[in-house]
Amino acid sequence: MELQGYHVKLMQLRREDLEMVRQWRNDPKIQQFMLSQSQITPEQQQAWFEKINNDPRHLQFVIYYKDAPIGAANLKVISGDALQNAQVIEPGLYIYDDKYRANLLAFAPTLLLNDYCFDTLMAQKLRAVVKKDNIAALNYNQKLGYQVIKDGDLVEIELDKLNYEKVSKPLKRLLSR
């Protein structure tokens with residue numbers, strides 16, 4: 001599976017991507033913001049891939065910009081037995097390449113995922129959990145229209161289609177040039 005738009009491409013995770021993604025995920029600059037902070041071994045990565053690869057409740061992607069991998073993204077079902085039937089989906093992503101972190105391009109894969117969730121999968125809401133000290137992610141998601149629904153050490157945020165469409169228009173215009 002492949003999604004393309006806003007100058008990026010999301011290609012479904014392949015077996016040959018596993019070691020690259022594992023190294024990204026274990027890098028302290030990424031790991032510090034993950035809910036689980038343990039180091040992932042090659043064996044754990046392989047077992048995880050075998051578990052989720054054909055699971056209709058998950059999609060894992062590698063983010064490409066100008067044909068180079070720059071990060072990873074995923075979709076998970078929160079309610080329902082498959083992404084195609086889900087009313088609430090949890091998207092997630094990180095940009096590994098420092099050149100593209102904290103700039104406008106970092107919004108591109110999220111817009112692509114959100115469009116896919118709302119327009120193709122017909123999800124009602126997107127929901128995510130962010131560590132309270134991950135201020136960059138909280139600000140990033142609020143710029144996309146997410147609203148805090150539960151505050152604590154872990155902050156639960158939620159986005160509906162109407163709010164997403166309203167808030168994302170300026171970003172889409174900028175990234176569609």
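**Close-ups of a predicted model**

**View 1. Here's the whole sheet, strand by strand.** In this predicted model, eight strands make up an open sheet, and its order is S1-S2-S3-S4-S5-S6-S8-S7, with mixed pairing. Strand S1 (2-5) and strand S7 (147-150) sit at the edges with a single partner strand each, so one side of each has no neighbour in the sheet. Going from one strand to the next, the twist averages 30°. If you're new to sheets, keep this in mind: strands pair through backbone hydrogen bonds, and they can do so parallel or antiparallel.

**View 2. Now zoom in on strand S3 and its partner S2.** Strand S3 (residues 58-65) is mostly covered, with seven of its eight residues buried. Strand S2 (residues 8-12) runs antiparallel to S3, and five bridges join the two. Want some pairs to look for? Lysine 9 has tyrosine 64 in S3 as its bridge partner, and methionine 11 stands opposite valine 62, also in S3.

**View 3. Next up is the hairpin of S3 and S4.** Strand S4 (residues 68-79) is antiparallel to S3 too, and eight bridges link them. One pair to find here is glutamine 60, which stands opposite asparagine 74 in S4. The hairpin has two residues between its strands, and lysine 66 takes a positive phi near 50°.

**View 4. Two helices meet the sheet.** Helix H1 (residues 18-26) lies across S3, S4 and strand S5 (88-95), and runs at about 80° to S4. Helix H5 (residues 135-143) packs on the sheet as well, where it touches S5, strand S6 (125-131), S7 and strand S8 (154-160). The direction of H5 makes about 160° with that of S6.

**View 5. Last stop: helix H4 against helix H6.** To describe two packed helices, you give the angle between their axes and the distance between the axes. For helix H4 (residues 108-120) and helix H6 (residues 161-175), the axes come within 11 Å and cross at roughly 140°. That's why H4 and H6 count as oblique to each other. The crossing of H4 past H6 is left-handed. So who touches whom? On the H4 side, look for Ala108, Leu111, Asn114, Asp115, Phe118 and Asp119; they meet Lys161, Tyr164, Ser168, Leu171, Lys172 and Leu175 of H6. Sorted by type, the residues in this contact of H4 with H6 come out as six nonpolar, two polar and four charged.

Note on methods:
Residues numbered from 1 in each chain as written. Predicted model: local features only at pLDDT ≥ 70, side-chain atom pairs only at ≥ 80, totals over all residues. Heavy atoms only, no water. Axes fitted to C-alpha atoms, helices over the stretch in contact; angles between N-to-C directions. Helix = DSSP H or I, 4+ residues; strand = E, 2+ residues; numbered from the N terminus. Parallel < 35°, antiparallel > 145°, perpendicular 65-115°, else oblique. Left-handed = near helix turned anticlockwise from the far one by under 90°. Contact = heavy atoms within 4.5 Å. Nonpolar A, V, L, I, M, F, W, Y, C, P; charged D, E, K, R; others polar. Buried < 20%, exposed > 50% of the residue type's maximum accessible area, 1.4 Å probe, protein only. Pairing = 2+ DSSP bridges.
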